[in-house]
Amino acid sequence: MNFNTKVIHGGQHHESATGSVNVPVFLTSTFAQKSPGVHSGYEYSRAANPTRQALEDSLASIENGARGLAFGSGLAAIDCVLKLLNPGDEVVAVDDLYGGTYRMFTRLFEKYQLKFTFVNFDDVSKIADVITDKTKLIWVETPTNPLMKLVDIKAVVEIAKGKDILVAVDNTFATPYIQRPIDLGADIVMHSATKYLGGHSDVIAGALIAKDAELGEKLHFIQFASGGILGPHDSYLVLRGIKTLALRMQRHSDNGLAVAQYLEKHPAVDKVIYPGLESHPQYDLAKSQMKESGGMVSFTFKSGKKEDAVKFLERVKVFTLAESLGGVESLANHPALMTHASIPADKREELGITDDLVRLSVGIEDAEDLIADLERAFS
């Protein structure tokens, strides 16, 4: 199937008992058995639920993976991946991480004797410099949050080849409509399905997709044993969101480019960070690795003042000042004060997450209205 067909039909089947076109929401914790241990494939909803199974099959289909798994949040999905590791193992991670991922790595899992090394993946050769015989995982975000850096997934996979190192990619910003890491060689794809997969700001959810069945079964055991599953109603909402993913992502991308081009010409703006602009330092990589450039745009002010960023964010009306991203509505965010506040100030400064940095999640409204709103906020 091509992608537009796959988001609707991939891995999906009509409900067998009634022929229902949409999978029902199976609000049940347990399932009747014909005889002890003899059941229809479902025994307890923590292990499997038909609604969640439909979502997980869809996830595997759209990312071209062997097994999909749905979790109660994106962080629950990351937690599952880290539980593949053992004390003493080492993780190499991109330095410009989502704040919640950085917090989990440094404040939760370091105390269980996992070692995390953060590297600027702009130059992937730096990854090889820090790999040891204890390295078991390379954690990639591309594009990164909030600085929109890109990582050459194929190059990272090549570095890990033959070394018993898993490559996991946070594909939240791009989505499988724009970028499919498993096709580029990655072992695991992670999504905060709260964002573009759900697409309507009405659910908290996470997803993992494993490249092969053996790894998928290991992750499923951790999901089952740890219990961080997604409930059936939330599974239904994400599955419904996926059906319009291609349409929404194309609109997000078109609007994102229009907003980025407007910002690049505005006299108050210093730097615009968007993969679809030729000014992006990795524009060529974006063209080769991504189908479109997505709806996430970050920018800074020529003044460099936090006060200007705050004033701007207080004035937007069509854009909503809020955390999160990826919904049909446009959102505006101040990373240093909001989504990345858990990263120490000196670390933010080192990365380039300055106090005048604004991150926009460009929605699917009319681009003219979004640009008019930005113009009012600047004035």
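How many aromatic pairs does the rule count in this protein? The count comes to 12. Before I turn to one of them, I should state that we are looking at a predicted model.

Let me begin with the overall division of the chain. The protein is split into domain 1, residues 3-241, and domain 2, residues 247-378. Taken over C-alpha atoms, the centres of domain 1 and domain 2 are 26 Å apart. Domain 1 brings 37 residues to the contact, and domain 2 brings 39 residues.

What area do the two domains bury between them? The figure is about 3100 Å², and 61% of this buried area lies on carbon and sulfur atoms. Turning to polar interactions, 17 residue pairs are in polar contact between domain 1 and domain 2, counting pairs with both residues at pLDDT 80 or more. Salt bridges, by contrast, number zero across this interface.

I now consider the side of domain 1 that touches domain 2. Two helices, α4 (99-109) and α7 (175-178), each supply at least two residues of that side. The largest share, four residues, comes from α4. Sorted by class, that side of domain 1 has 18 nonpolar, 12 polar and seven charged residues.

Helix α4 also takes us back to my opening question, as Phe 105 lies in it. In general, a pair of aromatic rings is described by the distance of the centres and the angle of the planes. Of the 12 aromatic pairs counted, I have chosen Phe 105 and Trp 139. Their ring centres are 6.1 Å apart and their planes stand at 85°, so this pair is edge-to-face: the angle is over 60 degrees. Trp 139 belongs to strand β4, residues 135-141, and the pair links distant parts of the chain, with the two positions 34 residues apart in numbering.

Next, some features of the backbone. Most residues other than glycine have a negative phi, and most peptide bonds are trans. Where, then, does this model have a cis peptide bond? One joins Thr 142 to Pro 143, with omega near -5°. Another joins Asn 145 and Pro 146, where omega is about 10°. Pro 143 sits in the loop between β4 and α6 (153-160), and Pro 146 is likewise found in the loop between β4 and α6.

Asn 64 deserves a mention as well. Although Asn 64 is not a glycine, its phi is positive, at about 60°. This residue is placed in the loop between α2 (50-62) and β1 (67-71).

Finally, I come to salt bridges in the structure as a whole. A search of the whole structure finds 10 of them, whereas the interface of domain 1 and domain 2 has zero. One example is formed by Glu 56 and Arg 52, whose closest N and O atoms are 3.4 Å apart. Why are these two residues separated by about one helical turn? The reason is that Glu 56 and Arg 52 are four residues apart in helix α2.

Conventions
Residues are numbered from 1 along each chain as its sequence is written. This is a predicted model: local features need pLDDT of at least 70, side-chain atom pairs count only at pLDDT 80 or more; totals for chains, interfaces and linings use all residues. Side-chain values use heavy atoms; hydrogens and water are left out. Domain bounds come from an automatic or database domain assignment. Contact means heavy atoms within 4.5 Å. Buried area is the accessible area (1.4 Å probe) that two parts lose on being put together, summed over both. A salt bridge is a side-chain nitrogen of Lys or Arg within 4 Å of a carboxyl oxygen of Asp or Glu. A polar contact is a pair of N or O atoms within 3.5 Å; within protein, one must be able to donate a hydrogen and the other to accept it, and residues adjacent in sequence count only if both atoms are side-chain atoms. Ala, Val, Leu, Ile, Met, Phe, Trp, Tyr, Cys and Pro count as nonpolar, Asp, Glu, Lys and Arg as charged, and the others, Gly among them, as polar. Rings of Phe, Tyr and Trp (its six-membered ring) pair if their centres lie within 6.5 Å; planes under 30 degrees apart count as stacked, over 60 as edge-to-face and the rest as tilted.
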